[in-house]
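Visitor: I am new to this structure and would like a close look at one part of it. Could you show me the aromatic rings that pair up, and what surrounds that picture?

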Amino acid sequence: MKLLQNVEETNLSMANLFRIATTVSVIVVSILALAGYANPLSLKPAADTAASPTLMMNLTYPNTDSIDISASLDQDGYFSCVATEVSEPVPEEKDFVTKVNMVANTPAYFSVPGLESDHAYKVYCLAYNKFDVVMTNTIESTMKTATTASTDEAPVLVIGRIDPTVDSAVATLLSTLSGNVYCITGEASTVPSRLEIKEKSSPIPIASYNYATYSISGLTASTKYALYCTSETNKGVPMLSAVDKVGQEFTTEEKPESLLFLILRIVAALFCLCMSGLFSGLNLGLMGLDLISLQMISETNIQEIAGDSADPEEVKQIEHDKMCATKILPIRRKGNLLLCTLLIGNVMVNSLISILTADMTSGTVGFILSTIFITAFGEIIPQAYGSRHGLDMGAMSIGVVKVIIGILWIICKPVSMLLDWCLGDELGNIYNRYQLYTMFELYKDHSDFKKDTISTMQGALVMDTKNVGEFVHAIDNVFMLSDTAVLDYVTCMDIFRQGYSRIPVYHNDRQNIVGVLYVKELIMIDPNQSVTVESLLKLFPRSVLVINAKRTLSDAIKDMVQSHTELAFVSKTIEKANQDNTLELVGIVTLEDLIKAVMRLNLVDETPMESRDASEALSNVFSHVVLNHMDPTTMDIISHFIAQSFSRLGYYLPQDVIHSLITKGAIKQMTVNDPALYEVNKSCDFMTVVLQGVFTMVVGEDKMTTEKPVFSVVNAPAVIEDYFVSPVSLELHERPIVDMLTNQTTGFNTEGFVLIITKANADEVGVKSRIIQLKQNPNEGLKGESEHSVMLPLEIEPAKEEPAKEETAKESV
């Protein structure tokens, strides 16, 4: 019961509170209504109970094509004016369309456009207050009569240059007629009328076609203004020009910033420029180092490779590079994160540099300065240094890079993850056989490696691609002995004259090889005992190694080393129709030949033995040489070798042109005491053909020496190129004359003859107009072609060339 009584009491209290709140609300609404009725300005009253405004017409100002009106209203509101012909009736309220706002008791200006010049009009106005209550005046009572001005008497005004400063400006004015000029400065959005400009400014006298200046003060810095002017003649005729056409806009200058702020801005710009250079240099320096190269440098085994003869300075530099690579490698493994950090950071600081320099100067100057500084100090110089010293630059700045990665982590990490997902892991550069070969070729001129070392490495790369058949000595040219041959004095002398250390032995047929005779074994026999070759082979039995011609160099060397032999016979498979395939011996190859092929050591004289022999046989042709004269046979032989020389250069020269060159050339007699015909790396303008004697040629700075026998053509390009530098030197070599039968020296060859053909001879004959460029397969170089354009004698044309035939290697007994 007590609980029910408390609930009833609570309900009664809530009801009382509701009644009290309702009563208070009614009282407040009533008070507000009475206050609004008592104050007409707080609430909009009805039109029939508000006071009507009164319009006062101040002034009319006729122009050539418009009439300006100045009026005042005793209340806030708006007004409108129209102009009618003198004979037309008073306009109605609906004829007033365009309206201009008015402030109580303040002059307002209205312009009636589109009128004829030198014409009379009646001007009527109509006004309302802000509650749309019409004026107390009648429309007819506001009538003013005005006549527009004549265009012939109206001046033309031009505003020239405006020179603004921080808080002022000076404008140059020009009028076609003498009178006064009126100017005001305001916002560009509102164009004043001529009458408003005249009433709000002071007159500035101006003479006809003379400049006048108008000074403006009290302006705000970095603010856009518009200057509007009008003029009238001394008779009061307004200008012909429209106000909006005459007006010009201008902007005041910025207020100079404080010296401290300027210093801070310059320091910030320089800091950003340094960061731009750092980002740019690291982008090329770090990202240019692929992972394989860094890992290779950081894991260099100096102790194993250096040895006792290593240069201490070189070892020190290698250790320094290893330390730098070890620092860079962990962060370089995160390639995409590093790339995003460097690129985004570079873009950010470059943009900030442009903003800072643009604020310090004008936009154009800032653009030019930022472009110059960013390009020079933010791109070119850092990248040029980073491309050459990437390891040092990266190692020194690795701490700064880690800090920048941490700052830009929230931006760069998502982008790098997206790149990792799209592009996968970054791999380093792994070179194939062909790229390594070319890289070693480039190292010849740009590294400290010896050229022989590089050539050996190149040869090792092609060991698995070259076949033994490319280096075989043809079986027909190999000096052999029959197993039935008697090792008497004549046979032994024949063996010694050949100069070979190993002689293949056959039975009945040269294809049936039964053994190899070592020349050093002949010391065990007496030529007078008539010992046969077969008997000596039984005394020193040896196995014969046969290698297939398609076997690679590396496999062939392994076979010969494991067989403990230095000479092997090369065979090839002969396919016959409807018969079993057979093996046929095609030649021999020595271990020395294969090692030379790998180590590229056969570079002393590239002239084949048969070419030298042929050259010596043909040297008798010059036994009757007379200076500046030669017979037709000699002419044909020389023409052949000159044509061959140009063909190996990729050119064809007609036979008649070559004959003309030989005729124009001069035969010169040389002795061993004469200076060299050429000097290495010296320009020359003539080619040389050796006619008699043996000349020594030194090639390049490496002093590679070779002998050039008869009919050798040297420096053929000198007569067809505008400027040619000789890569060789050429001088006569004193050679002993040896009797082949007695092996006795009978004298020395101390003189020789050469044919000199100059570029002037070639120009006189017209070689350039007659020479023809030959087409050749780019995949097949010309055999025997020299990088110095020195042609070897009696070499076979490329189309007819067969594998080179060389005698077996000689060994000292």
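Guide: Happy to! Please keep in mind that this is a predicted model. Let us begin with one residue, Tyr78, which is buried because its relative accessible area is 14%, below the 20% cut-off. Its partner comes next. In all, the count comes to 4 aromatic pairs. In one of them, the ring centres of Tyr78 and Tyr128 lie 5.4 Å apart with their planes at 25°, so this pair is stacked. The two residues join distant parts of the chain: Tyr78 belongs to strand β3 (residues 77–84) and Tyr128 to strand β6 (residues 120–129), 50 residues apart. Tyr128 is buried as well, with a relative accessible area of 12%.

Another stacked pair is formed by Tyr678 and Phe686, at 4.7 Å centre to centre and with 15° between the planes. Tyr678 is buried at 2% relative accessibility, and Phe686 is buried at 15%.

Aromatic rings can also have a charged neighbour. Here, Arg542 lies over the face of Tyr518, at 4.0 Å from the ring centre.

For the wider surroundings, turn to the largest nonpolar core, which has 32 residues. Residues with the most contacts inside this core include Met275, Phe279 and Val401. Helices that each supply at least two of the core residues include α4 (259–287), α8 (335–360) and α11 (398–407). The largest share, 8 residues, comes from α4. To end on a single residue, leave aside those up to four places away in sequence: Val401 then touches Leu282, Ile331 and Leu338.

Methods
Residues numbered from 1 in each chain as written. Predicted model: local features only at pLDDT ≥ 70, side-chain atom pairs only at ≥ 80, totals over all residues. Heavy atoms only, no water. Phe/Tyr/Trp six-rings, centres within 6.5 Å; stacked < 30°, edge-to-face > 60°. Helix = DSSP H or I, 4+ residues; strand = E, 2+ residues; numbered from the N terminus. Buried < 20%, exposed > 50% of the residue type's maximum accessible area, 1.4 Å probe, protein only. Lys NZ or Arg CZ within 6 Å of the ring centre and 35° of its normal. Core = buried A, V, L, I, M, F, W, Y, C linked by side-chain atoms within 4.5 Å. Contact = heavy atoms within 4.5 Å.
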